[in-house]
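Okay, thanks for squeezing me in, everyone. Let me put the structure up, and then I'll walk you through the bits I'd like you to look at.

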Amino acid sequence: MQFLKISDTKVTAIKVIHYEHTNYMGRLHGGDMLNFLVDIGMLSAMKVAKGLAVLASLDDVIFKKPILLGDIITVEAETDYVGNTSMEVSMRAVKGDETLVEATGVYVKVDDLLRPTVVDKKIQPDNEEEKKKYEIALERRKNRKVDTSSRYNVSDPTEGLTYRLVSTIYVTPDMTYDGKIISAGKMLKVMDDLGGALGLNYIGYEGYGKGDTVVTVSANSMSFYTPVRLGDILEMRAGISYVGNTSLETTINVIRVDPENMSKEHVTTAYFNYVRIDNSGKPVKLKPHTPQNDKEKRIFEEALLRRKKLLSHY
């Protein structure tokens, strides 16, 4: 058994924010930031695993500061704990001494057939700071609950919601890491785009530079139940599950369709939060929405609990 310090697992990338990463106001898209984070997290996990590691779950992600066109940011990750086949990884983006966004997640080492494989290294903290990180990661691991039966639940949680969108995509080579399995970051980017489009529909968005827009402010914790491969079809369903004063929550459900037999599996269900802002970046009040049926009322109540948990991070 080989032991590593947490500092041994650190991976860093420098990102220059270009036009293709931003909206028309010059702000970095939330989906692109998620892509940066989970990709750097994967590299740290692979450094430990000495092989392919895929994202199994992502905890709450909070966007603390806007990131602008032309900014130069540092995205970094380190592995804080190693289990049998999984690794607890922490990620963050910084600009100078300021932390812009932080995230934690679980990666699993897999073989060529995408089956979980034993990681033959463990983390041995080198100092008090590393020991604290290790203990926090271990606590996250103990508290994390994953319902593996959800893999076969392909029901639509957005059905019955007043505001919803459905989008179908084909997994092409440019969406994969290696021509075989989808990039988790690319999938999160597509999910964020769909949630953002739904938010824009809600505020009556008229087009580029013609009024208010919405920006991603957070993504609630999510689990990934089945791998997505090149050539798969993804059915993505999004619905507005909560409307507050200036922010709204969208439920985004992703289903994998096997193109050979049209069988379906649940990939993930996530909750993305957006804020309406004007051209100067100031929050703008949303039109109110009253739940229209029993299901929508229940979903709004569940969203309030998630919102309370999310606000505890600030």
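**Salt bridges, pockets and a surface patch**

Let's begin with a pair of side chains: arginine 144 and glutamate 88 come together in a salt bridge, 2.4 Å from N to O. Before I go on, do keep in mind that this is a predicted model. So where do these two partners sit? Arginine 144 is in the loop between α2 and β9 (164–170), while glutamate 88 belongs to strand β6, so the salt bridge ties together parts that are 56 residues apart in sequence. And glutamate 88 counts as buried, because its relative accessibility is 1%, and the cut-off for buried is under 20%.

Now, how many salt bridges does a search of the whole structure find? The number is 27, and I'll pick out a couple more.

Take arginine 140 and aspartate 59. Their side chains also meet in a salt bridge, at 3.9 Å, N to O. This pair links distant parts of the chain: arginine 140 is in helix α2 (residues 128–143) and aspartate 59 is in the loop between β3 and β4 (61–63), with their positions 81 residues apart. Are the partners buried or exposed? Arginine 140 has a relative accessible area of 18%, so it's buried, and aspartate 59, at 17%, is buried as well.

Then there's glutamate 265 with arginine 256, a salt bridge at 3.1 Å, N to O. Glutamate 265 is buried at 13% relative accessible area, and arginine 256 is buried at 9%. These two also belong to a network: Arg151, Asp232, Arg256, Asp258 and Glu265 are linked by salt bridges.

Okay, on to the empty space. The largest pocket holds about 1,600 Å³. Which residues lie nearest its centre? They're Leu58, Asp59, Asp60, Ser221 and Lys309, out of 48 that line the pocket. You'll recognise Asp59 there, the partner of arginine 140 from a minute ago. As for the make-up of that lining, we have 20 charged residues, 16 polar and twelve nonpolar.

The second largest pocket has a volume of about 740 Å³. It has 30 lining residues, and Leu55, Ala56, Val108, Phe224 and Tyr225 are the ones nearest its centre. By class, that lining breaks down into 20 nonpolar, six polar and four charged residues. If you want to find it on the screen, look for β3 (53–58), β6 (86–95), β7 (98–109) and α3 (184–203), each of which supplies at least two lining residues. Which element gives the most? That's β3, with five residues.

Let's move out to the surface. Ile14, Val16 and Ile72 make up a nonpolar patch there, and together they have about 280 Å² of accessible area. Isoleucine 14 sits in strand β2 (residues 11–16). With 55% relative accessibility, isoleucine 14 counts as exposed, because anything over 50% does.

Last stop: threonine 117, in the loop between β7 and β8 (121–123). Threonine 117 is partly exposed, with 25% relative accessible area. Now compare its position with lysine 65: the two are 52 residues apart along the chain, and their C-alpha atoms are separated by 38 Å.

That's my tour, so let's go back to the picture and talk.

Terms used
Residues are numbered from 1 along each chain as its sequence is written. This is a predicted model: local features need pLDDT of at least 70, side-chain atom pairs count only at pLDDT 80 or more; totals for chains, interfaces and linings use all residues. Side-chain values use heavy atoms; hydrogens and water are left out. On a 1 Å grid over the protein atoms alone, a cavity is a set of points where a 1.4 Å probe fits but cannot get out, and a pocket is an open set with protein on both sides within 12 Å along at least five of seven lines; lining residues have an atom within 4 Å of a point. Grid points are joined across faces, edges and corners, and a volume is the space filled by probe spheres set on the points. Ala, Val, Leu, Ile, Met, Phe, Trp, Tyr, Cys and Pro count as nonpolar, Asp, Glu, Lys and Arg as charged, and the others, Gly among them, as polar. Helices (H or I, at least four residues) and strands (E, at least two) are DSSP runs, numbered from the N terminus. Patches are made of residues with over 30% relative accessible area and no salt bridge: like charges are joined within 9 Å, nonpolar side chains (Val, Leu, Ile, Met, Phe, Trp, Tyr) within 5 Å. Accessible areas come from the Shrake-Rupley method with a 1.4 Å probe; for residues, only the protein chains shown count as cover. A salt bridge is a side-chain nitrogen of Lys or Arg within 4 Å of a carboxyl oxygen of Asp or Glu. Buried means under 20% relative accessible area, exposed over 50%, partly exposed in between (1.4 Å probe, protein chains only).
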